[in-house]
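Work through the exercises below with the structure open beside you. Try each task before reading its solution.

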Amino acid sequence: MTQQVVKVKTITSITHDVLQIVTVKPHNFSFIAGQAVAISINKPSWENEIRPFTFTSIPTDSFLEFVVKVYPSHKGVTNELLTLKIGDSLILHNVFGAITYRGEGVFIAGGAGITPFVSIFRDLRSKNEIGNNKLIFANKTKGDIILERELKEMLSKNFINIIADENIVGYAHGYISESFLKDHISRACENIYLCGPAPMMESVEKQLHYLNHKHKTIIKEEF
Ligand SMILES: Cc1cc2nc3c(=O)[nH]c(=O)nc-3n(C[C@H](O)[C@H](O)[C@H](O)COP(=O)(O)OP(=O)(O)OC[C@H]3O[C@@H](n4cnc5c(N)ncnc54)[C@H](O)[C@@H]3O)c2cc1C
């Protein structure tokens with residue numbers, strides 16, 4: 001794909017360390033819900049610092065949206081995004097990604113690993129096809145939960161939060177465990193979608209194996 005330069009339309013803090021960035025969408029630009037794009041910042045000395053971010057908008061939207069967790073300590077691209085202003089621009093490189101919707105199932109996300117699922121759920125909602133999909137969203141604190149209200153509106157009782165560092169009424173407490181997965185994934189579930197940091201993904205995959213869910217289709221991407 002040729003590079004596309006897109007202007008930032010809005011940039012908003014949606015949690016203490018997550019930005020929602022909306023850009024212009026180039027003419028004839030296409031992607032599938034769940035896919036990512038390699039991005040760099042269109043500023044001197046940043047054009048070649050390319051990092052992957054997932055579209056959280058849906059293919060039919062007239063704009064592109066990204067939800068980005070920033071890591072100031074890395075002094076890398078996400079830290080530089082904190083200085084971005086309306087009218088600045090990003091460079092979009094190739095579109096790629098392993099996660100696309102393959103049918104109803106259980107989605108398991110850790111932190112910023114929610115982003116491909118945001119696009120998939122928004123896309124399903126736009127077609128009235130949310131169905132019986134279920135989301136398990138693991139975070140350290142309640143304040144880390146990205147787009148909590150919208151996810152609750154879309155999924156209702158099928159939106160399950162688990163929080164490691166805080167014990168809050170109405171939210172499961174701790175890390176995802178084998179018994180937690182057993183309670184939330186039925187034998188009939190055919191697809192498991194998994195996205196998050198490597199340690200979380202490894203641990204969940206091991207637990208799914210022990211629970212004998214290894215024959216289900218696991219659609220995954222490591223962040
Ligand atoms: C397919 C895909 C899609 C993704 N989509 C999204 C998304 O939609 N939203 C999102 O938030 N994230 C997403 N990510 C993750 C995102 O790409 C990374 O968080 C991002 O690349 C980090 O870039 P950075 O330049 O800020 O930091 P890095 O590239 O991680 O680091 C820059 C430099 O900081 C140093 N460094 C690295 N780790 C540490 C550390 N722990 N402490 C101190 N210094 C360190 C290293 O010297 C490194 O060269 C996605 C990842 C993939 C693979």
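**Exercise 1. The antiparallel sheet**

Task: In this predicted model, find the order of the strands in the antiparallel open sheet and say which strands stand at its edges.

Solution.
- Step 1. The open sheet has six strands, and their order is 4-3-6-1-2-5. The pairing is antiparallel.
- Step 2. Strand 4 (51-54) and strand 5 (63-69) each have a single partner strand, so one side of each has no neighbour in the sheet. These two are the edge strands.
- Step 3. On average, neighbouring strands of this sheet are turned by 45° against each other, direction ignored.
- Step 4. For one pair in detail, take strand 1 (residues 4-15) and strand 2 (residues 18-24), which run antiparallel and are joined by six bridges. V8 has T23 of strand 2 as its bridge partner.

**Exercise 2. Two loop residues with positive phi**

Task: Where are S45 and K75, and are they buried or exposed?

Solution.
- Step 1. S45 lies in the loop between strand 3 (36-41) and strand 4. Its phi is positive, near 70°, and S45 is a residue other than glycine.
- Step 2. The cut-off for an exposed residue is 12 or fewer other C-beta atoms within 10 Å. S45 has 8 other C-beta atoms within 10 Å, so it is exposed.
- Step 3. K75 lies in the loop between strand 5 and helix 1 (77-81). K75 is not a glycine either, yet its phi is positive, about 50°.
- Step 4. K75 has 9 C-beta neighbours inside 10 Å and therefore counts as exposed.

**Exercise 3. The parallel sheet**

Task: Give the strand order of the parallel open sheet, then describe how strand 7 is placed in it.

Solution.
- Step 1. Six strands form this open sheet, in the order 10-9-8-7-11-12, with parallel pairing.
- Step 2. Strand 10 (172-173) and strand 12 stand at the edges, because each has a single partner strand and one side without a neighbour in the sheet.
- Step 3. Strand 7 is joined to strand 11 (residues 191-196) by five bridges, and the two run parallel. F107 has Y193 of strand 11 as its bridge partner.
- Step 4. Five bridges also join strand 7 to strand 8 (residues 134-139), again running parallel. Here I108 is bridged to I136 of strand 8.
- Step 5. From strand 7 the chain passes through helix 2 (residues 115-126) to strand 8, and this β-α-β crossover is right-handed.
- Step 6. Strand 7 (residues 105-110) is mostly covered, with six of its six residues buried.

**Exercise 4. Helix 2**

Task: How many residues of helix 2 are buried, and which strands does helix 2 touch?

Solution.
- Step 1. Nine of the 12 residues are buried, so helix 2 is largely enclosed by the rest of the structure. Among them are F117, I120 and F121.
- Step 2. Helix 2 packs on the parallel sheet. It touches strand 7, strand 8, strand 11 and strand 12, and its direction makes about 135° with that of strand 11.
- Step 3. Check the length: 12 residues at 1.5 Å a residue should span 16 Å, and the end C-alpha atoms are 17 Å apart, which agrees.
- Step 4. Just after helix 2 comes N128, with a positive phi of about 60°.

**Exercise 5. The two sides of helix 5**

Task: Which residues of helix 5 are buried, and which are exposed on the other side?

Solution.
- Step 1. Helix 5 (residues 198-210) has 13 residues and reaches 19 Å from its first C-alpha to its last, close to the 18 Å expected.
- Step 2. M200, M201, V204 and L208 are buried in helix 5. Down the helix axis they fall within an arc of 95°, so they line one face of helix 5.
- Step 3. An α-helix has 3.6 residues a turn, so residues three or four places apart point the same way.
- Step 4. Exposed on the other side are A198, P199, E202, K206, H209 and Y210.
- Step 5. The cover over the buried residues of helix 5 includes strand 7, strand 8, helix 4 (178-184), strand 11 and strand 12.
- Step 6. After helix 5 comes N212, whose phi is positive, near 65°.

**Exercise 6. E222**

Task: Where is E222, and with which residues is it in contact beyond four places in sequence?

Solution.
- Step 1. E222 is in strand 12 (residues 217-222).
- Step 2. E222 has 13 C-beta neighbours inside 10 Å, so it counts as partly exposed.
- Step 3. Leaving aside neighbours within four places in sequence, E222 is in contact with A198 and M201.
- Step 4. From L208, E222 is 14 residues away in sequence and 16 Å away in space, C-alpha to C-alpha.

How values were computed. Residues numbered from 1 in each chain as written. Predicted model: local features only at pLDDT ≥ 70, side-chain atom pairs only at ≥ 80, totals over all residues. Pairing = 2+ DSSP bridges. Helix = DSSP H or I, 4+ residues; strand = E, 2+ residues; numbered from the N terminus. Axes fitted to C-alpha atoms, helices over the stretch in contact; angles between N-to-C directions. Buried ≥ 20, exposed ≤ 12 C-beta atoms within 10 Å, placed from the backbone. Contact = placed C-beta atoms within 7 Å. Right-handed = clockwise from strand over helix to strand, strands pointing away. Expected span 1.5 Å × (residues − 1). Arc of directions from axis to C-beta.
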